[in-house]
Amino acid sequence: TMQTSHFNRRRFAALLRSDWGENRNTYLMFLIGAYIITAIALTASHIDLYAETLPVKEVLDQREGLLPGMDRGWKYNKEILSVAFFAFMLLSVRTFRTKTLTRGQTLRFLLFPATMLEKFTRWWLYVVPFSLVAFPLIYWAADLTRILICRAVFPDTGLAYPLYRDPDFLTDPHTQLFFQTLFTLTLLGQAVLALTSTLKAKPLRVLGKFCILMLPVILVYSISSLMRAYPSAMDVAIIWLSGWHLSLLVLTALCWYVAYRQLVRTDLTHSTPSQSSRA
């Protein structure tokens with residue numbers, strides 16, 4: 001029996017090629033669907049906003065003290081960005097699991113010459129590093145689509161700027177704390193969802209999904225409470241959040257490890273001689 005902990009780069013490369021050949025349509029549809037949904041959400045929200053504020057744009061700019069080249073639609077842009085990132089990263093956990101994994105240990109899955117470590121590594125690489133690279137590209141394309149459509153609908157109005165031109169997006173401490181915490185909680189949500197997908201007990205799966213639903217509440221409550229407690233002491237807030245991030249990342253790694261051990265246990269169960277003979 002092939003060792004479940006042995007990793008071979010050539011075998012891993014063969015696994016990636018085989019997986020891409022079987023599931024590329026599913027992966028591409030997921031990425032294209034994420035782009036289309038995000039572009040529609042961005043464009044629709046901004047067109048409504050521009051239609052309402054365009055007649056009194058100069059008055060609102062003076063009242064709110066907007067800098068030249070700033071887009072008041074960034075408020076909705078940031079909200080959609082946070083929701084899209086959280087949803088995309090969690091959906092990637094299910095999407096990038098092969099059909100054999102989601103439907104149990106099938107004969108093809110068991111006979112494929114790759115260890116469970118290699119199969120788990122393929123899953124994790126798609127879910128975390130690849131998704132972290134794919135989402136900014138998808139969101140950038142969706143935001144560019146929003147800009148082109150909004151400028152076509154409202155020509156010569158100076159509206160619709162890309163998100164990266166917002167100075168607060170990069171420099172505002174409150175915004176930075178929010179997105180840092182969102183990033184950490186999203187990674188934890190991925191790990192919890194991956195773990196629950198390997199569990200057989202229904203109460204544990206329900207509990208895991210409940211924990212995932214609570215993550216956005218924790219995000220908003222923790223940031224708002226922190227800002228009320230330390231409205232002018234950002235250094236204290238950053239120090240406090242550093243320990244918060246570290247503890248959540250440790251918990252994230254633990255959940256992924258337990259998920260891997262669950263897959264190994266299932267693989268060994270289905271790979272025993274008695275199971276194989278009955279199959």
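Start by selecting W123, which counts as buried because its relative accessibility is 0%. The model is predicted, and the tour moves outward from this residue.

**Stop 1: the rings around W123**

Keep W123 selected and add W256. The two ring centres are 5.6 Å apart and the planes stand at 80°, so this pair is edge-to-face. The contact joins distant parts of the chain, with W123 in helix α6 and W256 in helix α10 (residues 234–270), 133 residues apart. Both W123 and W256 are buried.

Now add F120. Like W123, F120 belongs to helix α6 (residues 116–153); the two are three residues apart, about one turn of the helix. F120 has 11% relative accessibility and therefore counts as buried. The structure holds 16 aromatic pairs. In the pair made by F120 and W123, the ring centres are 6.2 Å apart and the planes are at 85°, so this pair too is edge-to-face.

What sits over the ring of W123? Select R97: its charged end is placed over that ring, 4.5 Å from the centre.

**Stop 2: the wider aromatic cluster**

Clear the selection and pick W20, Y27, F30, F85, F88, F96, Y126, F130, F135, Y139 and F183. These residues form one aromatic cluster. W20 appears again at a later stop, as a member of a nonpolar surface patch.

**Stop 3: salt bridges**

How many salt bridges does the structure contain? The count comes to three, and each can be selected in turn.

Begin with E118 and R11, whose side chains meet in a salt bridge at 2.8 Å, N to O. E118 is in helix α6 and R11 is in helix α1, so the bridge ties together parts that are 107 residues apart in sequence. Are these two residues buried or exposed? E118 counts as buried because its relative accessibility is 0%. R11 has a relative accessible area of 18%, under the 20% limit, and so is also buried.

Next select D19 and R122. Their closest N and O atoms are 3.3 Å apart, and the two residues form a salt bridge. D19 lies in helix α1 and R122 in helix α6, so this pair ties together parts 103 residues apart in sequence. D19 and R122 are both buried.

The remaining selection is R146 with D143. Their side chains meet in a salt bridge at 2.6 Å, N to O. This bridge lies within helix α6: R146 and D143 are three residues apart there, which means a separation of about one helical turn. Both R146 and D143 are buried.

**Stop 4: R9, beside the first bridge in the tour**

Return to E118 and add R9, a residue of helix α1. In sequence R9 and E118 are 109 residues apart, while their C-alpha atoms are 8.7 Å apart in space. R9 has 72% relative accessibility and therefore counts as exposed, whereas E118 is buried at 0%.

**Stop 5: a nonpolar patch on the surface**

Switch to a surface view and select W20, L28, I32, I36 and I40. Together they make a nonpolar surface patch of about 460 Å². Within this group, I32 is in helix α1 (residues 9–53). How accessible is I32? Its relative accessibility is 45%, so it counts as partly exposed.

**Stop 6: cysteines**

Select C150 and C255. C150 counts as buried because its relative accessibility is 2%. C255 has a relative accessible area of 10% and so is buried as well. A search of the whole structure for disulfides finds zero.

**Last stop: the whole chain**

Clear every selection and colour by secondary structure. What does the secondary structure consist of? There are eleven helices and zero strands. Along the sequence the pattern reads α-α-α-α-α-α-α-α-α-α-α. Colouring by accessibility instead shows the buried residues, which make up 44% of the 279 residues in the protein.

Terms used. Residues numbered from 1 in each chain as written. Predicted model: local features only at pLDDT ≥ 70, side-chain atom pairs only at ≥ 80, totals over all residues. Heavy atoms only, no water. Patch = residues over 30% accessible without salt bridge, like charges linked within 9 Å, V, L, I, M, F, W, Y side chains within 5 Å. Areas by Shrake-Rupley, 256 points an atom, 1.4 Å probe, with all protein chains shown as cover. Salt bridge = Lys/Arg side-chain N within 4 Å of Asp/Glu carboxyl O. Helix = DSSP H or I, 4+ residues; strand = E, 2+ residues; numbered from the N terminus. Buried < 20%, exposed > 50% of the residue type's maximum accessible area, 1.4 Å probe, protein only. Disulfide = S-S within 2.5 Å. Phe/Tyr/Trp six-rings, centres within 6.5 Å; stacked < 30°, edge-to-face > 60°. Lys NZ or Arg CZ within 6 Å of the ring centre and 35° of its normal.
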